[in-house]
Amino acid sequence: MAARVLVLASILIFSCFAETCYGAISFSSLQRTLVVTASHRQGLLKAGEDKITVRWGLNQSFPAGTDSSYKTIKVQLCYAPISQVDRSWRKTEDHLNKDKTCQFKIVKKPYINVNETLEWTIERDVPTATFFIRAYALDSDDHEVAYGQNTDAEKKTNLFEIQAISGRHASLDIASVCFSAFSVVSLMGFFFMEKRKARKSQQ
């Protein structure tokens, strides 16, 4: 019995140690070494229609070799603070495994030490909210080691709004109108036929 308890305790301790070493990466521990910009048309952007041009690269003010551990770049669409209020499912946490700020993947690709550009069409499942763009540099273990974003540290500048799709399309509206018209005509035809039958039965 004592041996079993000892084994279980060892497993628990090892699990906690593994979590600390490999899982507990905090956002506050990351260096902001990437420069990220986002350009798009002015005004309210529409999901499923509008495009955002994202650019990212290493901030050249950092010394050579800063990006030696960077193996992958992950670019994401992230909720701005104004769209996180009273929404726990979008809450920002310093522990990246628990953080819900950035929920929409734009691209994940091998890192190269040049400025890169991507034109991204806003996906149809993006909800109505205010957003910014963030890029993470990942190491060979796929762990975040650095970041960059197109807004300031308080996430108040260069934000943009996206409007979700309504779920209705012109083709569906036309089909609905046609079906309604067909139903009315069918109903009128039914009453007309019933009326004729009634007259014939009376004769």
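When I say that two residues touch or are in contact, I mean that they have heavy atoms within 4.5 Å of each other. With that settled, let me take you through this structure, which is a predicted model, beginning with one residue for which the term is needed straight away.

That residue is Thr151, which is found in the loop between strand E9, residues 144-149, and strand E10. Leaving out residues up to four places away in sequence, Thr151 touches Arg32, Phe132, Lys156, Thr157 and Leu159. Is Thr151 buried or exposed? Its relative accessible area is 3%, and because buried means under 20%, Thr151 counts as buried. On the polar side, the side chain of Thr151 makes a polar contact with the side chain of Asp152 at 3.2 Å, and a polar atom of the Thr151 side chain lies 3.4 Å from the backbone nitrogen of Lys156.

The loop between E9 and E10 also holds Lys155, which has a positive phi of about 60° although it is not a glycine. For context, most residues other than glycine have a negative phi. Lys155 has a relative accessibility of 13% and therefore counts as buried. You may want to set beside this Asp86, found in the loop between E5 and E6, whose phi is likewise positive and near 60° in a residue other than glycine; Asp86, however, counts as exposed, at 76% relative accessibility.

Let me now step back to the chain as a whole. There are two helices and 10 strands, and from the N terminus on the elements run α-β-β-β-β-β-β-β-β-β-β-α. Of the 203 residues, 32% count as buried, and the chain exposes about 13200 Å², of which carbon and sulfur atoms supply 58%. If we take the contacts with a separation of 6 or more, residues 24 or more positions apart account for 73% of them.

Next, the nonpolar interior. The largest nonpolar core has 28 residues, and those with the most contacts inside it are Val75, Leu77, Phe131 and Ile162. At least two residues of this core come from each of the strands E2 (34-39), E4 (51-58), E5 (72-79), E6 (102-110), E8 (129-138) and E10 (160-163). Which of the strands gives the most to this core? That is E8, with five residues. To see the surroundings of one core member, consider Leu77, which, with neighbours within four places in sequence left aside, is in contact with Thr101, Cys102, Gln103, Phe104, Ile106, Trp120, Val126, Phe131, Phe132, Ile133, Phe160 and Ile162. There is also a second, separate core of seven residues, which includes Leu30, Leu96, Tyr136 and Leu138.

I turn last to the charged pairs. Side chains of opposite charge can pair when their charged atoms come close, and the structure holds six salt bridges, of which I will describe some.

Lys51 forms a salt bridge with Glu119, the closest N and O atoms being 3.7 Å apart. Lys51 lies in strand E4 and Glu119 in strand E7, so this pair ties together parts that are 68 residues apart in sequence. Lys51 counts as partly exposed, at 42% relative accessibility, whereas Glu119 is exposed, at 53%. Glu119, in the strand that spans residues 116-121, is in contact with Lys51, Ile52 and Thr53 once its neighbours within four places in sequence are left aside. Measuring from C-alpha to C-alpha in the model, Glu119 and Val54 are 6.3 Å apart in space, while in sequence they are 65 residues apart.

Another salt bridge joins the side chains of Asp50 and Arg41, at 2.8 Å from N to O. Here Asp50 counts as buried, at 12% relative accessibility, and Arg41 counts as partly exposed, at 39%.

The remaining pair I want to show is Lys109 with Glu116, a salt bridge in which the closest N and O atoms are 2.6 Å apart. Lys109 has a relative accessibility of 24% and so counts as partly exposed, while Glu116, at 11%, counts as buried.

Definitions and conventions. Residues are numbered from 1 along each chain as its sequence is written. This is a predicted model: local features need pLDDT of at least 70, side-chain atom pairs count only at pLDDT 80 or more; totals for chains, interfaces and linings use all residues. Side-chain values use heavy atoms; hydrogens and water are left out. A nonpolar core is a set of buried Ala, Val, Leu, Ile, Met, Phe, Trp, Tyr and Cys residues joined through side-chain atoms within 4.5 Å. Buried means under 20% relative accessible area, exposed over 50%, partly exposed in between (1.4 Å probe, protein chains only). Helices (H or I, at least four residues) and strands (E, at least two) are DSSP runs, numbered from the N terminus. A polar contact is a pair of N or O atoms within 3.5 Å; within protein, one must be able to donate a hydrogen and the other to accept it, and residues adjacent in sequence count only if both atoms are side-chain atoms. Accessible areas come from the Shrake-Rupley method with a 1.4 Å probe; for residues, only the protein chains shown count as cover. A salt bridge is a side-chain nitrogen of Lys or Arg within 4 Å of a carboxyl oxygen of Asp or Glu.
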